[in-house]
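Trainee: I'd like to go through this one slowly and ask how each label gets earned. Can you put it up on the screen?

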Amino acid sequence: MNITEFSLHSSKNVFNSMAAGITTKLPDLRKNEMKENFEDFQTLEHRLEFVSTVRGIDFINDSMATTVNATWFALECMSKPVVWIVGGYDKGNEYAELKELVKEKVKAVVCLGINNKKIYKNFKGDVEIMVNAVSAVEAVNFAYQLSEKGDIILFSPACPSFDLYDDCEERGNKFKEAVRNL
């Protein structure tokens, strides 16, 4: 089976699927059963969750990405131009490891949170457009205005949600609700 046939495309999920595949060899499961599972497996809510396509723009909810590392994997698997919604309660993030991916894949940044200075400082000059938003509705509306057909709007905050929301689930649900109301 080729990894392009997997339903989940991030390198993190490919690695996890390969590990699962090796594990299934232990009880000698059938290859066809394993192949069907890799083709059909759906991601968990708020983890690179496809929400909708609106006028040719895909919306991806990755609200559970509360670390720079998790967001790195999300950005790494994007195959179209990205409008990236990032931000939240900064717990001392070092954004340097995202710079190359942002330069390569991100066309605009929407900062969602109360204090976005560190995000601006790290990515100013890497993307042409950076805007602030103080709610998921505002972030989705800005991102939608900045995108065009064929783009992806990726909500992968790299930060916890505590500055505006009780938890990642509430934040992700607000994002999805805002997308559905476009």
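Mentor: Let's start with tryptophan 84, bearing in mind that this is a predicted model. Tryptophan 84 stands opposite leucine 154 in E6, and in E4 its bridge partner is valine 109.

Trainee: What makes E3 and E6 a pair?

Mentor: Two strands count as paired if there are at least two bridges between them. Strand E3 (residues 82-86) and strand E6 (residues 152-155) have four bridges, so they qualify, and they run in the parallel sense.

Trainee: How do you know that E3 and E4 pair too?

Mentor: The cut-off is at least two bridges. Five bridges join E3 to E4, so that is a pair as well, again parallel. Valine 86 gives you another example, with cysteine 111 as its bridge partner in E4.

Trainee: And what holds paired strands together in general?

Mentor: Backbone hydrogen bonds, in either a parallel or an antiparallel arrangement.

Trainee: Why is the pairing in the sheet called mixed?

Mentor: Look at two of the pairs. E3 and E6 are parallel, whereas E1 and strand E2 (residues 57-61) are antiparallel, with five bridges. The open sheet has six strands in the order E1-E2-E6-E3-E4-E5, and its pairing is mixed.

Trainee: What makes E1 and E5 edge strands?

Mentor: Strand E1 (49-54) and strand E5 (129-133) each pair on one side only. From one strand to the next, the twist averages 20°.

Trainee: Which helix packs on the sheet, and which strands does it touch?

Mentor: That's helix H3 (residues 68-76), touching E3, strand E4 (106-112) and E6. The direction of H3 makes about 165° with that of E3.

Trainee: Back to E3. Why is it called largely enclosed?

Mentor: Being buried means under 20% relative accessible area. Five of the five residues of E3 are buried, so the strand is largely enclosed by the rest of the structure. Both faces are covered: Val82, Trp84 and Val86 sit on one side, with Val83 and Ile85 on the other. For E4, six of the seven residues are buried, so that strand is largely enclosed too.

Trainee: What makes E1 and E2 a hairpin, and what's odd about arginine 55?

Mentor: The two strands form a hairpin with two residues between them, and arginine 55 in that turn has a positive phi of about 50°. Across the pair, phenylalanine 50 stands opposite isoleucine 60 in E2.

Trainee: Why does a positive phi get a mention?

Mentor: Because most residues other than glycine have a negative phi. Histidine 46 has a phi near 70°, and leucine 48 has one near 50°.

Trainee: Where are histidine 46 and leucine 48, and are they buried or exposed?

Mentor: Histidine 46 is in the loop between helix H2 (31-40) and E1, and leucine 48 lies in that loop as well. Histidine 46 has a relative accessible area of 2%, under the 20% limit, so it is buried. Leucine 48 is at 18%, also under 20%, so it counts as buried too.

Trainee: How do you know whether isoleucine 114 is buried or exposed?

Mentor: Exposed means over 50%. Isoleucine 114 is at 62%, so it counts as exposed. Its place is the loop between E4 and helix H5 (117-123). Leaving aside neighbours within four places in sequence, isoleucine 114 is in contact with Asp163 and Leu164.

Trainee: And proline 157: buried or exposed?

Mentor: At 0%, proline 157 is under the 20% limit, so it counts as buried. This residue lies in the loop between E6 and helix H7 (168-180). Proline 157 and glycine 87 are 70 residues apart in sequence, yet 4.8 Å apart in space, C-alpha to C-alpha.

Trainee: Last one: what lines the largest cavity?

Mentor: The lining includes Gly87, Gly88, Leu112 and Arg171. The lining residues divide into four nonpolar, three polar and two charged, and the space inside is about 30 Å³.

Methods
Residues are numbered from 1 along each chain as its sequence is written. This is a predicted model: local features need pLDDT of at least 70, side-chain atom pairs count only at pLDDT 80 or more; totals for chains, interfaces and linings use all residues. Side-chain values use heavy atoms; hydrogens and water are left out. Axes are lines fitted to C-alpha atoms, for helices over the stretch in contact, and angles run from 0 to 180 degrees between N-to-C directions. Contact means heavy atoms within 4.5 Å. Buried means under 20% relative accessible area, exposed over 50%, partly exposed in between (1.4 Å probe, protein chains only). On a 1 Å grid over the protein atoms alone, a cavity is a set of points where a 1.4 Å probe fits but cannot get out, and a pocket is an open set with protein on both sides within 12 Å along at least five of seven lines; lining residues have an atom within 4 Å of a point. Grid points are joined across faces, edges and corners, and a volume is the space filled by probe spheres set on the points. Ala, Val, Leu, Ile, Met, Phe, Trp, Tyr, Cys and Pro count as nonpolar, Asp, Glu, Lys and Arg as charged, and the others, Gly among them, as polar.
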